Amino acid sequence: DIYSLGCTLYFLLTGKLVFEGGASLQVIAKHIQETPVPPPRRTELPIDAELDRIVLACLAKKPQDRPQTAAELDRELAELHSDPWSQEEAQRWWRQHQPA
């Protein structure tokens with residue numbers, strides 16, 4: 001679903017989970033009640049403002065506020081005008097942010 005994909009995109013951009021906590025129920029409660037910290041505030045790497053908006057839209061609490069289909073999300077992502085990473089840049093980012 002779109003929310004889960006938003007969580008994956010968030011992790012890929014920041015190297016961090018959307019919400020963290022000690023117990024599973026704490027994390028679940030945060031997913032239900034809390035607003036995520038925007039990805040640019042969780043990483044030292046620059047994140048395009050439009051990509052940030054798309055990721056946060058995927059994480060909207062109300063399903064009707066999220067992209068409604070994978071095709072809609074695909075169109076929004078395709079419209080981004082970001083510079084693509086080289087393979088070397090992607091590998092460097094992953095080495096730096098890979099979970100322990």
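A helix here is a DSSP run of H or I with at least four residues, numbered from the N terminus. Keep that in mind, for the tour moves from helix to loop and back. The model is predicted.

**Stop 1: the whole chain**

Show the protein chain as a cartoon. Count five helices and zero strands. Read along the sequence, the pattern is α-α-α-α-α. The radius of gyration is 14 Å, close to the 13 Å that the globule rule gives for 100 residues, so the chain is as compact as a globular protein of that length.

Now turn the C-alpha trace. Along its principal axes it spans about 40 × 35 × 20 Å. Switch on the surface. The accessible surface comes to about 6,800 Å², and 55% of that belongs to carbon and sulfur atoms. Of the 100 residues, 33% count as buried. Take the contacts with a separation of 6 or more: residues 24 or more positions apart account for 60% of them.

**Stop 2: the nonpolar core**

Hide the surface. Select Val18, Leu51, Val55 and Leu59. These have the most contacts inside the largest nonpolar core, which has 17 residues. Next, colour helix H1 (2-14) and H3, since each of them supplies at least two residues of this core. Which helix gives the largest share of the core? H1 does, with six residues.

Pick Leu51 and show what lies around it. Beyond residues up to four places away in sequence, Leu51 touches Leu13, Leu77 and Leu80.

**Stop 3: Val18**

Move to Val18. You will find it in the loop between H1 and H2. Is Val18 buried or exposed? Val18 has a relative accessible area of 6%, so it is buried; the cut-off for buried is under 20%.

Display its contacts. Leaving aside neighbours within four places in sequence, Val18 is in contact with Cys7, Tyr10, His31, Pro36, Arg42 and Leu59. Draw a distance line to one of them, Cys7. The two residues are 11 apart along the chain, and their C-alpha atoms are separated by 6.2 Å.

**Stop 4: Glu76**

Go to helix H4 (residues 70-78) and select Glu76, which is found there. Glu76 has 18% relative accessibility, so it counts as buried. Show its partners too. Not counting residues up to four places away in sequence, Glu76 touches Arg53, Ile54 and Pro67.

**Stop 5: Glu34**

Select Glu34. Look for it in the loop between H2 and helix H3 (49-58). Why does Glu34 count as partly exposed? Its relative accessibility is 38%, and partly exposed covers the range between the buried limit of 20% and the exposed limit of 50%.

What does Glu34 touch, not counting residues up to four places away in sequence? The partners are Phe19, Ala29 and Lys61. Now draw a line from Glu34 to Leu77. They are 43 residues apart in sequence and 25 Å apart in space, C-alpha to C-alpha.

**Stop 6: a patch on the surface**

Bring the surface back for the last stop. Select Leu25, Ile28 and Ile32. Together they make a nonpolar surface patch of about 340 Å².

Zoom in on Ile32, which has its place in helix H2 (residues 24-33). Its relative accessible area is 59%, so Ile32 is exposed; the cut-off for exposed is over 50%. Set Ile32 beside Val18 to end the tour: Ile32 is exposed, whereas Val18 is buried.

Key:
Residues numbered from 1 in each chain as written. Predicted model: local features only at pLDDT ≥ 70, side-chain atom pairs only at ≥ 80, totals over all residues. Heavy atoms only, no water. Patch = residues over 30% accessible without salt bridge, like charges linked within 9 Å, V, L, I, M, F, W, Y side chains within 5 Å. Areas by Shrake-Rupley, 256 points an atom, 1.4 Å probe, with all protein chains shown as cover. Salt bridge = Lys/Arg side-chain N within 4 Å of Asp/Glu carboxyl O. Buried < 20%, exposed > 50% of the residue type's maximum accessible area, 1.4 Å probe, protein only. Contact = heavy atoms within 4.5 Å. Rg over C-alpha atoms; globule rule 2.2 N^0.38 Å. Core = buried A, V, L, I, M, F, W, Y, C linked by side-chain atoms within 4.5 Å.
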